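Please open your viewer and get ready to click along. We will go from the whole chain to single residues, one selection at a time.

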Amino acid sequence: MDVLMFATVAVLGFTACAEFGSYAFVHPVVKRLAPRDHIRVEQGLLRTFGIVMPVLMTASLVLAISYAARPDGAGLPEVLRWVAAATWATGIVTTVVVNVPINLSTLRWDKDFPPERWQERRNRWEWFQGYRSWAYLAAFLLVALSVATVG
């Protein structure tokens with residue numbers, strides 16, 4: 001059994017699905033809530049996803065790089081693994097540079113008296129959430145394709 005391959009597929013798959021599910025199915029509903037409820041839900045999501053996802057995103061990148069760096073020859077599977085790792089890394093970079101600062105400020109907002117232009121900040125967060133979600137999904141699919149081309 002190839003434990004590294006299994007762990008990479010499982011952890012990247014779970015993390016990509018959680019992020020993409022949040023982006024595609026949760027946040028479109030949240031955006032339609034009244035401002036007070038919108039902020040309250042965002043703060044709640046940050047207290048749940050915000051604890052688990054940094055660990056999973058980082059573990060996914062470590063696994064993706066470890067899997068890409070394995071010394072089992074060159075060819076299409078190796079190229080796919082490296083592209084997957086690079087794609088995942090871009091999602092993490094945008095998360096740290098854009099989403100995390102917005103998340104930290106969102107946690108401090110008073111839901112009854114939100115700051116000016118709070119929706120603009122959340123819209124910026126949403127755009128980069130979309131980027132990250134698609135990047136993670138693409139990286140997972142690239143890893144899955146690399147596994148399929150080996151067997």
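A word on names before the tour: helices are DSSP runs of H or I with at least four residues, numbered from the N terminus. With that naming, Thr8 lies in helix α1, and we will come back to it. Keep in mind that this is a predicted model.

**The whole chain**

Start with a cartoon view of everything. The protein has four helices and zero strands, and from the N terminus on its elements run α-α-α-α. Along the principal axes, the C-alpha atoms fill a box of roughly 60 × 25 × 20 Å. The protein has 151 residues, of which 42% count as buried. Now show the surface: about 8,200 Å² is exposed, and carbon and sulfur atoms supply 71% of that area. If you look at contacts between residues at least 6 apart in sequence, 78% of them join residues at least 24 apart.

**The nonpolar core**

Hide the surface and select Leu12, Trp88, Ile92 and Tyr136. These are the residues with the most contacts inside the largest nonpolar core, which has 21 residues. Helices α1 (3-30), α2 (35-68), α3 and α4 (118-150) each supply at least two residues of this core. Which helix gives the most to this core? That is α2, with seven residues. As background, nonpolar side chains tend to be buried together in soluble globular proteins.

Next, centre on Ile92. Not counting residues up to four places away in sequence, Ile92 touches Met57, Thr58, Leu61 and Tyr136.

**Thr8, under cover**

Return to Thr8 and show its side chain. Is Thr8 buried or exposed? Its relative accessible area is 0%, so Thr8 is buried. Look for the polar atom of the Thr8 side chain: the backbone oxygen of Leu4 lies 2.7 Å from it. Then display the surroundings. Leaving aside neighbours within four places in sequence, Thr8 is in contact with Gly13, Leu63, Ala64, Tyr67 and Val143.

**A salt bridge between α2 and α4**

Select Arg122 and Glu42. They form a salt bridge, with the closest N and O atoms 2.8 Å apart. This pair links distant parts of the chain: Arg122 is in helix α4 and Glu42 in helix α2, 80 residues apart. Arg122 counts as buried because its relative accessibility is 2%, and Glu42 counts as buried at 3%. In general, side chains of opposite charge can pair when their charged atoms come close.

**More charged pairs**

The count of salt bridges comes to eight. For another one, select Asp37 and Arg40, whose side chains meet at 4.0 Å, N to O. Both residues lie in helix α2, three residues apart, which is about one turn of the helix. Asp37 is partly exposed, with a relative accessible area of 30%, and Arg40 is partly exposed too, at 45%.

Now move to Arg70 and Asp72, where the side chains meet in a salt bridge of 3.4 Å, N to O. Add Asp2 and Arg81 to the selection: salt bridges that share partners join Asp2, Arg70, Asp72 and Arg81 into one network. Within this network, Asp72 counts as partly exposed, at 43% relative accessibility.

**Along helix α3**

Turn the surface on again and colour Val93, Val96, Val97, Val100, Leu104 and Leu107. Together they make a nonpolar surface patch of about 500 Å². Pick Val100 from this group; it lies in helix α3 (residues 76-108). With a relative accessibility of 34%, Val100 counts as partly exposed.

Next select Pro101, which also has its place in helix α3. Pro101 is partly exposed, at 40% relative accessibility. Leaving aside neighbours within four places in sequence, Pro101 is in contact with Thr95 and Val96. For a distance to try in your viewer, pick the C-alpha atoms of Pro101 and Pro115: these residues are 14 apart along the chain, and the atoms are separated by 15 Å.

**Last stop: the loop after α3**

Finish at Arg117, in the loop between α3 and α4. What is the phi of Arg117? Its phi is positive, about 55°, although Arg117 is not a glycine. At 59% relative accessibility, Arg117 counts as exposed, so you can find this residue with the surface still switched on.

Conventions. Residues numbered from 1 in each chain as written. Predicted model: local features only at pLDDT ≥ 70, side-chain atom pairs only at ≥ 80, totals over all residues. Heavy atoms only, no water. Patch = residues over 30% accessible without salt bridge, like charges linked within 9 Å, V, L, I, M, F, W, Y side chains within 5 Å. Areas by Shrake-Rupley, 256 points an atom, 1.4 Å probe, with all protein chains shown as cover. Buried < 20%, exposed > 50% of the residue type's maximum accessible area, 1.4 Å probe, protein only. Core = buried A, V, L, I, M, F, W, Y, C linked by side-chain atoms within 4.5 Å. Contact = heavy atoms within 4.5 Å. Polar contact = N/O pair within 3.5 Å; in protein donor to acceptor, adjacent residues only side chain to side chain.
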